[in-house]
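I am opening this notebook to record what I looked up in one protein structure, entry by entry. The chain and its coordinates go in first, and my notes follow.

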Amino acid sequence: LRSLSSFASPGSQLVFDYGIPQEQIEASEQPAIQALRKFTQRRGEPLLTELDPHTLADDVAACGFELIENLSSTDQMTRYFSNRKDYLRPLAGSYFARLRVYK
């Protein structure tokens with residue numbers, strides 16, 4: 001993130017999804033998370049980074065970003081998935097973050 005903010009223009013935005021630390025995920029959701037980890041590992045793209053949604057604003061500020069939005073899976077469900085007919089749902093323990101470069 002620090003590298004991105006060093007060459008991005010002030011006001012530029014970055015949107016990404018991220019997983020939270022395993023210990024913050026409810027036990028009932030652990031099997032789905034483990035299946036995702038195995039799936040991505042087998043495809044050569046292991047999940048390497050977990051971010052704490054409670055400290056994300058401070059963490060990204062240290063890299064030159066302002067946290068604009070930090071949507072939990074519940075927030076994502078309300079905003080993006082509630083009217084879907086295909087039953088696609090966000091994975092528990094996933095967040096969408098939107099940042100803005102302030103440097």
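**Entry 1, the largest pocket.** I asked which element gives the largest share of the lining of the largest pocket, and I found that it is α2, with five residues. The model I am reading is a predicted one, and I keep that in mind for every entry below. For the volume of this largest pocket I noted about 440 Å³. Its lining is made of 23 residues, and those closest to the centre are Asp-17, Tyr-18, Gly-19, Leu-36 and Leu-47. When I looked for elements that give two or more residues to the lining, I wrote down β1, α2 (30-42) and β3.

**Entry 2, the fold as a whole.** I then stepped back and listed the secondary structure, which comes to four helices and three strands. Read from the N terminus, these elements follow the order α-β-α-α-β-α-β. Along its principal axes the C-alpha trace spans about 40 × 30 × 25 Å. The protein has 103 residues, and buried residues make up 27% of them.

**Entry 3, aromatic rings.** Tyr-18 had already come up among the residues closest to the centre of the largest pocket, and I returned to it when I searched for ring pairs. How many aromatic pairs does the count come to? It comes to three. One of them joins Phe-16 and Tyr-18, and I recorded it as tilted, with 6.0 Å from centre to centre and 45 degrees between the planes. Is Phe-16 buried or exposed? Its relative accessible area is 19%, and because buried means under 20%, Phe-16 counts as buried. Tyr-18 is also counted as buried, at 7% relative accessibility.

I next took the pair of Tyr-18 and Tyr-95, whose ring centres are 5.4 Å apart and whose planes stand at 25 degrees, so I entered this pair as stacked. Tyr-18 sits in strand β1 (residues 13-19) and Tyr-95 in strand β3 (residues 94-101), so that the pair links distant parts of the chain, 77 residues apart. Both Tyr-18 and Tyr-95 are buried. I closed the entry with the note that Phe-16, Tyr-18 and Tyr-95 make up one aromatic cluster.

**Entry 4, salt bridges.** My search of the whole structure gave five salt bridges, and I wrote up three of these contacts in detail. In one, the side chains of Arg-79 and Glu-69 meet at 2.7 Å, N to O. Why does this pair tie together parts that are ten residues apart in sequence? It does so because Arg-79 lies in helix α4 (residues 73-81), while Glu-69 lies in strand β2 (residues 65-71). Arg-79 is partly exposed, with a relative accessible area of 44%, and Glu-69 is partly exposed too, with a relative accessible area of 21%.

Glu-69 came up again in a salt bridge with Arg-98, for which I noted 3.1 Å, N to O. This contact links distant parts of the chain, since Glu-69 is in strand β2 and Arg-98 in strand β3, 29 residues apart. For Arg-98 I recorded a relative accessible area of 25%, which makes the residue partly exposed.

I also looked up the salt bridge between Asp-86 and Arg-84, where the closest N and O atoms are 2.5 Å apart. Asp-86 counts as partly exposed at 45% relative accessibility, and Arg-84 is partly exposed with a relative accessible area of 34%. Through salt bridges that share partners, Glu-69, Arg-79 and Arg-98 are joined into one network.

**Entry 5, a surface patch.** Which residues form a nonpolar patch on the surface? I found Leu-1, Leu-4 and Phe-7, which together have about 300 Å² of accessible area. Phe-7 belongs to helix α1 (residues 2-7). Its relative accessible area is 61%, and because exposed means over 50%, Phe-7 counts as exposed.

**Entry 6, a contact across the sequence.** Last, I checked Ala-61, which is found in helix α3 (residues 56-61) and is partly exposed at 30% relative accessibility. From Ala-61 to Tyr-102 I noted 8.7 Å in space, C-alpha to C-alpha, with their positions 41 residues apart in sequence.

Definitions and conventions
Residues numbered from 1 in each chain as written. Predicted model: local features only at pLDDT ≥ 70, side-chain atom pairs only at ≥ 80, totals over all residues. Heavy atoms only, no water. Patch = residues over 30% accessible without salt bridge, like charges linked within 9 Å, V, L, I, M, F, W, Y side chains within 5 Å. Areas by Shrake-Rupley, 256 points an atom, 1.4 Å probe, with all protein chains shown as cover. Buried < 20%, exposed > 50% of the residue type's maximum accessible area, 1.4 Å probe, protein only. Phe/Tyr/Trp six-rings, centres within 6.5 Å; stacked < 30°, edge-to-face > 60°. 1 Å grid on protein atoms, 1.4 Å probe; cavity = no way out; pocket = protein on both sides within 12 Å on 5 of 7 lines; lining within 4 Å. Points joined across faces, edges and corners; volume = space filled by probe spheres on them.
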